[in-house]
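The following account leads the reader through a protein model, from a single residue to sheets and packed helices. Please keep the sequence and the structure in view while reading.

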Amino acid sequence: MTSETSQTTPKRLFIKTYGCQMNVYDSERMRDVLRPLGYQPVDTAENADLVVLNTCHIREKATEKVYSELGQIKKMKVAAGGKMTIAVAGCVAQAEGAEIMRRQPAVDLVLGPQAYHKLPEMVARASRAVGERLETEFETLEKFDALPKTREAEGPTAFLSVQEGCDKFCTFCVVPYTRGAELSRPVDDIVFEARNLAAQGVREVTLLGQNVNAWHGAAPKLEGGSEWGLGQLARHIAKIGGIDRIRYSTSHPRDMDADLIAAHGDTPAMMPFMHLPVQSGSDRILKAMNRGHTAEHYLDIMRQLKAAQPDIALASDFIVGFPGESDQDFEDTMSLVREVNYAMAYSFKYSPRPGTPAADMFGHVPDEVATERLHRLQALLWEQQRAFNASKVGQTIPVLVTGKGRLDGQMHGRSPWQQAVHFDAPASTYGQIVDVKVVGATLNALAGELVHAVEAA
């Protein structure tokens, strides 16, 4: 395919993204590497020339959902006379690659999270029906080096990958097996990408990694050349003109250091929000999970964060019904939740992942018991979330406007505490940070009235 051909006959690209923010970022980069080949994004798989399922292996029944989706896409491919290329990417591809090719012959390409930079080459090979169709090797550094240095921003917010992989090996998790070992991107590469995003009008960046606070790297020479952690990286990015807000996700308690905690208090661009998964409040279960921290260690981090930034909103992840979890273990989790008082949280029943140590553990918790525990935990978490949102009613808060609302004349955006905010405003406020008075709150969102724009976009 020549560049001339790709310009005169644009091809349609549909990417369906499952799961985490890292997958959202990876989907954006796949669009980037395919754009020079003439691929333009479309909103539906039907009639697309290339369909990519960017999969997630974390949630229960993830693999079967992929096969179900592939069954529907296969019908579209048949209806198009076979003139559709189907690719499966992401963590299910990494874990189940050969099986996907065996079970669904309509799939043309399978590639893991470290092979996205090879997608143009793989698409070209598939079009010629030669070469390997399966690419699931771990080559994270090569991936970062080979991806385009610039990317097209799609609004005032953007994800920015700074770290990949995981060395923690929690017994319930497949990430170390699907994303590989921890690797940090160099500071200069991250800053270059951040500057490019800012130049396109991005106001808020979310630094991404499987263990984003494990990021470390050599400081720029002008900064003394010392070793930096995520706190120093955030301070540096905050100096980039146009970048007004910085977030990061997802962190691990073992990698929370004093400097990162301090950055929440001394860097205004650092948003007052922290998502730090704990999974359980029981030391016995935390040990069985191989989390590498205790409940008290986690609580001490929470206290330090609140001391550094009293206005901070805290979020977490929880797993109930982990093998061997007793009534007391669960009550320990409830106690931790009451002490921390979360602004939001994600909670799930444990489900085994093939190949993980926990899948072979004894002490299976009956489903009805796990379900009852989950309902009790969620009731408490939702009560806290409603109370946190209600506490903002009557306040005037800065909101980054990220799009149109569902109603005529309505816009929506994000508060500093990651809440969705809906309010009537002209479309010209898109991309601006505006003052909004909060007049109502629900479990998942705030309602407001526009006061005025803090500054022009």
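Which residues does Lys-16 touch, not counting residues up to four places away in sequence? The model is a predicted one, and in it Lys-16 touches Val-52, Leu-53, Asn-54 and Glu-69. Lys-16 itself lies in strand E1, which covers residues 11–17. Its relative accessibility is 29%, and Lys-16 therefore counts as partly exposed, since the partly exposed class lies between the limits of 20% and 50%. Another pair worth locating is Lys-16 and Ala-45: 29 residues separate them in sequence, while their C-alpha atoms are 8.5 Å apart in space.

The chain as a whole can now be considered. The protein has 457 residues, 55% of which count as buried. Its secondary structure comes to 14 helices and 21 strands. Among contacts between residues at least 6 apart in sequence, 71% join residues at least 24 apart. The accessible surface comes to about 20,000 Å², and carbon and sulfur atoms account for 52% of that surface.

A useful element to examine next is an open sheet of 3 strands, in the order E7-E10-E13, with parallel pairing. The edge strands are E7 (157–161) and E13, each of which pairs on one side only. From one strand to the next, the twist averages 25°. E7 and E10 pair in the parallel sense over 5 bridges, and in this pairing Leu-160 stands opposite Leu-207 in E10. Helix H9, residues 230–237, packs on the sheet and touches E10 and E13. The direction of H9 makes about 155° with that of E10.

On its other pairing, strand E10 (residues 204–208) joins E13, again in the parallel sense and over 5 bridges. Here the bridge partner of Leu-207 in E13 is Tyr-248. Leu-207 thus serves as a point of reference for both pairings, with Leu-160 opposite it in one and Tyr-248 as its bridge partner in the other.

Why is strand E13 described as largely enclosed by the rest of the structure? Strand E13 spans residues 245–249, and 5 of its 5 residues are buried, so the strand is largely enclosed by the rest of the structure. In a regular strand the side chains alternate between the two faces of the sheet. In E13, Arg-245, Arg-247 and Ser-249 point one way, whereas Ile-246 and Tyr-248 point the other way, and all are buried.

A further open sheet is formed by 3 strands in the order E14-E15-E16, and its pairing is parallel. Its edge strands, E14 (273–275) and E16 (344–349), each pair on one side only. The twist in this sheet averages 10° from one strand to the next. E14 and E15 (residues 313–320) pair in the parallel sense over 3 bridges, and His-275 stands opposite Ala-315 in E15.

Antiparallel pairing appears around strand E17, residues 396–404. This strand is joined by 5 bridges to strand E20 (residues 433–441), and the two run antiparallel. Val-399 stands opposite Val-434 in E20. E17 also pairs with strand E18 (residues 410–414), in the antiparallel sense and over 4 bridges. In that pairing, Gly-403 stands opposite His-412 in E18. E17 and E18 form a hairpin with 5 residues between them, and Gly-409 in the turn has a positive phi of about 80°.

The last stop is a pair of helices. Two packed helices are described by the angle between their axes and the distance between the axes. The axes of H13 (residues 327–340) and H14 (residues 367–390) come within 10 Å and cross at roughly 5°. Because angles under 35 degrees count as roughly parallel, H13 and H14 are roughly parallel to each other. On the H13 side, the contact is made by Asp-327, Phe-330, Glu-331, Thr-333, Met-334, Val-337 and Arg-338. On the H14 side, it is made by Arg-373, Arg-376, Leu-377, Leu-380, Leu-381 and Gln-384. The residues of this contact divide into 6 nonpolar, 2 polar and 5 charged.

Methods. Residues numbered from 1 in each chain as written. Predicted model: local features only at pLDDT ≥ 70, side-chain atom pairs only at ≥ 80, totals over all residues. Heavy atoms only, no water. Buried < 20%, exposed > 50% of the residue type's maximum accessible area, 1.4 Å probe, protein only. Pairing = 2+ DSSP bridges. Axes fitted to C-alpha atoms, helices over the stretch in contact; angles between N-to-C directions. Parallel < 35°, antiparallel > 145°, perpendicular 65-115°, else oblique. Contact = heavy atoms within 4.5 Å. Nonpolar A, V, L, I, M, F, W, Y, C, P; charged D, E, K, R; others polar. Areas by Shrake-Rupley, 256 points an atom, 1.4 Å probe, with all protein chains shown as cover.
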